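Work through the exercises below with the coordinates open. Each task is followed by a solution in steps.

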Amino acid sequence: MSEQEQQEEKEKSGYHPSEQAATHERALARVVHWFDARLGLSYEMLRPAPVYSVNPFYWLGALAVVAFAIQGVTGAIMMIYYIPTPLQAYSSTLYIFQNVSYGRFLETVHLYTAYAMIMLAFMHMMRGYFVSVNKKPRELMWITGMVMGFVTLGFGFTGYLLPWTVVSKSATDVGIGMMAALPQPLSGFIQFLIVGGGTDSGTVLRFYDLHVVVLPGVLLLLLVGKMYMLEAHGVSEPVVGSVPLPEKKRRLIPIFPDLTIYLLELAAMFGTAMLLISLAFPLNLAPEYTPALAAQYASQPDWYFLWIYQVLKIQVFEGPGLTVALGLVSVIFVALVLLPFLDRGTTRRIASRMRWVTLGLVFVGEVAVLTVWGYLTPGAIIPTEQAVLVLGTTALIICLVSAGAYKVIFRKMPMGAPSSGVQVPGSAGALYATRSFNTASLWTASSFVALLTLGTFGIGGSISGAVQLISQGGSLSLLWSLALSLGELSAAIAGTVYLLYRLDLGTGSIKRRVKAFEVGWKQ
């Protein structure tokens with residue numbers, strides 16, 4: 001075939017190289033723009049910050065970095081004397097306590113700032129959750145921050161073993177045992193990464209290297225990336241409702257000297273508080289680890305992992321159910337990381353995000369209850385019925401309080417209003433739709449109570465029945481109990497659909513109406 005015939009054939013088939021190349025370029029440009037809009041690759045650094053950012057709640061992450069810096073200084077001093085071997089780890093730590101000038105104070109400051117860093121990171125995460133800072137274009141900032149939170153927990157886990165006390169070694173063994181229950185090959189990879197060959201000397205050295213080299217390097221790299229994205233996007237605006245933010249609050253102030261001095265003031269107050277707390281409550285070094293002494297001790301992890309361990313102590317999760325429990329905890333962590341892609345709403349207003357706000361309150365409440373409960377019941381197996389009752393009651397109380405608070409606080413406040421005053425379709429000419437707390441609110445609250453109660457017992461019974469069916473084999477009574485629990489869970493899921501529909505009725509955003517779900521609703 002001649003070149004002319006080939007050209008004619010291409011023209012007949014609609015082949016246009018220039019158009020295809022342009023299409024590819026546009027697709028590539030969209031990908032580049034997506035990353036640029038989120039990573040800020042084309043933005044300048046150190047932009048001025050608005051006046052509204054001069055608020056301690058905006059600087060929780062910065063205070064966590066200050067705690068990290070204090071740990072770096074105190075840790076570097078302790079590295080001079082510490083020897084990372086099972087035979088000398090405890091004796092070198094004891095030497096710091098007894099022979100190094102202000103050694104006990106140094107160890108206390110290091111531990112308490114580590115605790116403060118973990119707490120500040122948690123507060124920073126939950127503050128961002130409630131004011132919904134993960135919205136576009138800050139999705140990757142949120143994910144980066146979550147990874148930094150996991151690294152912070154890694155600092156606590158790896159550093160806790162190093163003194164080689166009976167408390168720290170036993171708690172670390174619990175954590176390693178939890179990792180062993182993860183499915184393969186994940187379990188084997190994590191254990192090889194952290195434990196190494198399985199010997200005590202290898203474990204101490206791995207934990208030491210991770211604590212003083214690997215994790216600090218990873219955290220610093222993530223910090224640089226997050227700060228770059230922060231400078232690209234700027235500080236997120238506060239959630240102010242339908243009233244625009246005053247211009248004086250939007251006024252920009254320079255990084256230096258204004259914000260620099262403000263950060264130094266916060267850092268000085270935080271550092272002073274850490275020093276005073278360390279002086280008032282000095283650390284006592286627990287006895288050295290020995291297998292005989294460890295057998296007399298009720299092993300459990302430190303407080304920031306205690307809520308997870310308390311879940312694993314529930315009777316239904318004993319034995320084969322341990323993998324199920326770790327799976328549930330993993331789902332929670334994955335959901336937090338992927339929150340920007342789960343909470344797809346455009347509004348950040350707390351008044352318009354009752355479901356997500358209530359879910360966050362339930363999470364905080366359950367973590368607090370499990371932590372305190374674990375502290376009060378070291379080593380005790382928790383009966384399944386007791387766990388369902390305690391956790392279910394906690395969630396129920398929080399949900400009822402949240403529903404009541406929304407009814408009182410946001411009774412006459414607009415719900416789902418765009419900050420710019422754009423008219424919402426279906427809002428009958430108003431600037432935005434409003435949600436009335438009348439008969440519909442009573443129906444919704446009643447449905448919520450019934451749903452929560454039913455779902456709590458349905459989930460507990462389903463997990464218990466499934467684990468018993470796997471471990472003990474099938475029997476008629478067990479199958480009947482499992483079927484009943486699954487029926488309760490199915491009813492709870494159907495009730496969830498009903499509840500979500502009722503909560504969205506007042507926003508005017510429902511496109512397909514279901515009359516059966518609107519019983520008792522009044523406009």
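**Exercise 1: a helix pair**

Task: describe how helix α7 (residues 166–180) packs against helix α8 (residues 186–194), and classify the residues of their contact.

Solution. The model is predicted. Step one is the geometry: the axes of α7 and α8 lie 8 Å apart, at an angle of about 150°. Step two is the class: angles over 145 degrees count as roughly antiparallel, and α7 and α8 are therefore roughly antiparallel to each other. Step three is the contact itself: α7 supplies I176, M179 and A180, which meet S187, I190, Q191 and I194 of α8. By type, the residues of this contact are five nonpolar, two polar and no charged.

**Exercise 2: the nonpolar cores**

Task: find which residues touch the most other members of the largest nonpolar core, and which helix gives the most to it.

Solution. The largest nonpolar core has 61 residues, and those touching the most other members are M125, W142, F157, W164, I194, F207 and I314. Helix α13 (residues 303–312) gives the most to this core, with eight residues. Another core lies apart from it; its 29 residues include W59, L219, L222 and L223.

Next, take F157 and leave out residues up to four places away in sequence: F157 then touches T172, G175, I176, M179, I194, F207, Y304 and F305.

**Exercise 3: two threonines**

Task: for T203, state the helix, whether the residue is buried or exposed, and its contacts.

Solution. T203 sits in helix α9 (residues 200–233). Its relative accessibility is 8%; the cut-off for buried is under 20%, so T203 counts as buried. The side chain of T203 reaches the backbone oxygen of T199 at 2.9 Å. With neighbours within four places in sequence set aside, T203 is in contact with L161, I194, V195 and G198.

Task: repeat the steps for T74, adding its C-alpha separation from F105.

Solution. T74 belongs to helix α3 (residues 60–79). T74 is buried, because its relative accessible area is 6%. A polar atom of the T74 side chain lies 3.2 Å from the backbone oxygen of Q71. Not counting residues up to four places away in sequence, T74 touches L106, V109 and H110. The C-alpha atoms of T74 and F105 are 10.0 Å apart, and the two residues are 31 apart along the chain.

**Exercise 4: the whole chain**

Task: how many helices and strands does the chain have, and what percentage of its residues count as buried?

Solution. The chain has 19 helices and two strands. Of its 523 residues, 41% count as buried.

Technical notes:
Residues numbered from 1 in each chain as written. Predicted model: local features only at pLDDT ≥ 70, side-chain atom pairs only at ≥ 80, totals over all residues. Heavy atoms only, no water. Helix = DSSP H or I, 4+ residues; strand = E, 2+ residues; numbered from the N terminus. Buried < 20%, exposed > 50% of the residue type's maximum accessible area, 1.4 Å probe, protein only. Polar contact = N/O pair within 3.5 Å; in protein donor to acceptor, adjacent residues only side chain to side chain. Contact = heavy atoms within 4.5 Å. Axes fitted to C-alpha atoms, helices over the stretch in contact; angles between N-to-C directions. Parallel < 35°, antiparallel > 145°, perpendicular 65-115°, else oblique. Nonpolar A, V, L, I, M, F, W, Y, C, P; charged D, E, K, R; others polar. Core = buried A, V, L, I, M, F, W, Y, C linked by side-chain atoms within 4.5 Å.
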